Amino acid sequence: EGYGEYIKIITPQKVYLVLSRLNDFEEKHQDKGFIRIHKSYIIQQQKIVSYAHQTVRLIDGTELPVGRIFKNNINKA
């Protein structure tokens with residue numbers, strides 16, 4: 001999740017706050033299955049359980065918004 005100059009990385013074990021831009025993270029980790037779903041969110045596509053018009057639901061039950069310009073990223077996944 002993007003927070004300006006920082007990103008919050010959520011793992012099953014821990015939450016990290018890292019000084020980095022979301023765009024940089026996206027570029028570095030595309031080959032690891034991460035996709036952009038919103039201007040503030042990048043997720044690992046294998047964690048998606050379902051996709052509705054404006055949200056995705058993750059394995060852990062979390063629902064995240066999907067930005068309209070990023071819908072194609074999900075459809076390609």
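## Surface patch

A nonpolar patch here is made of residues with over 30% relative accessible area and no salt bridge, their side chains joined within 5 Å. In this predicted model, Y3, Y6, L17 and L19 make such a patch, with an area of about 450 Å².

Y6 lies in strand 2, which covers residues 6-10. Its relative accessible area is 38%, so Y6 is partly exposed.

## S20 and its contacts

S20 sits in the loop that runs between strand 3 (15-19) and helix 1 (22-29). With a relative accessibility of 19%, S20 counts as buried because the cut-off for that class is under 20%. When neighbours within four places in sequence are left aside, the contacts of S20 are E5, Y6 and I7. Y6 is thus a member of the nonpolar patch and also a contact of S20.

## Nonpolar core

The largest nonpolar core has nine residues: I35, I37, Y41, I43, V56, L58, L64, V66 and I74. At least two residues of this core come from each of strand 4 (34-38), strand 5 (41-44) and strand 7 (55-58).

Y41, one of the core residues, is in contact with E1, L22, I35, R36, L64 and P65, not counting neighbours within four places in sequence. Among these contacts, I35 and L64 also belong to the core.

## Strands 6, 7 and 8

Strand 7 has two faces: V56 and L58 are on the covered one, T55 and R57 on the uncovered one. The residues of the covered face, V56 and L58, are both in the largest nonpolar core.

Strand 6 (residues 48-51) and strand 7 run antiparallel and are joined by three bridges. Y51 has V56 as its bridge partner in strand 7. The connection from strand 6 to strand 7 is a hairpin of three residues.

Strand 7 also pairs with strand 8 (residues 63-65), again in the antiparallel sense and over three bridges. Here V56 stands opposite L64, and both residues are in the nonpolar core. The hairpin of strand 7 and strand 8 has four residues between the strands, and in this hairpin G61 takes a positive phi near 95 degrees.

## Salt bridges

Four salt bridges are found in a search of the whole structure. One of them joins E26 and R36, with the closest N and O atoms 2.9 Å apart. This pair links distant parts of the chain, since E26 is in helix 1 and R36 is in strand 4, ten residues apart. E26 has a relative accessible area of 17% and is therefore buried. R36 is also buried, with a relative accessible area of 9%. R36 is in addition one of the contacts of Y41.

A salt bridge between E63 and R57 has an N to O distance of 2.3 Å. E63 is partly exposed, at a relative accessible area of 44%. R57, which lies on the uncovered face of strand 7, counts as partly exposed at 36% relative accessibility.

K8 and E1 form another salt bridge, in which the closest N and O atoms are 3.7 Å apart. K8 is partly exposed at 26% relative accessibility, and E1 is partly exposed at 24%. E1 is also among the contacts of Y41.

Definitions and conventions: Residues numbered from 1 in each chain as written. Predicted model: local features only at pLDDT ≥ 70, side-chain atom pairs only at ≥ 80, totals over all residues. Heavy atoms only, no water. Core = buried A, V, L, I, M, F, W, Y, C linked by side-chain atoms within 4.5 Å. Buried < 20%, exposed > 50% of the residue type's maximum accessible area, 1.4 Å probe, protein only. Contact = heavy atoms within 4.5 Å. Patch = residues over 30% accessible without salt bridge, like charges linked within 9 Å, V, L, I, M, F, W, Y side chains within 5 Å. Areas by Shrake-Rupley, 256 points an atom, 1.4 Å probe, with all protein chains shown as cover. Salt bridge = Lys/Arg side-chain N within 4 Å of Asp/Glu carboxyl O. Pairing = 2+ DSSP bridges.
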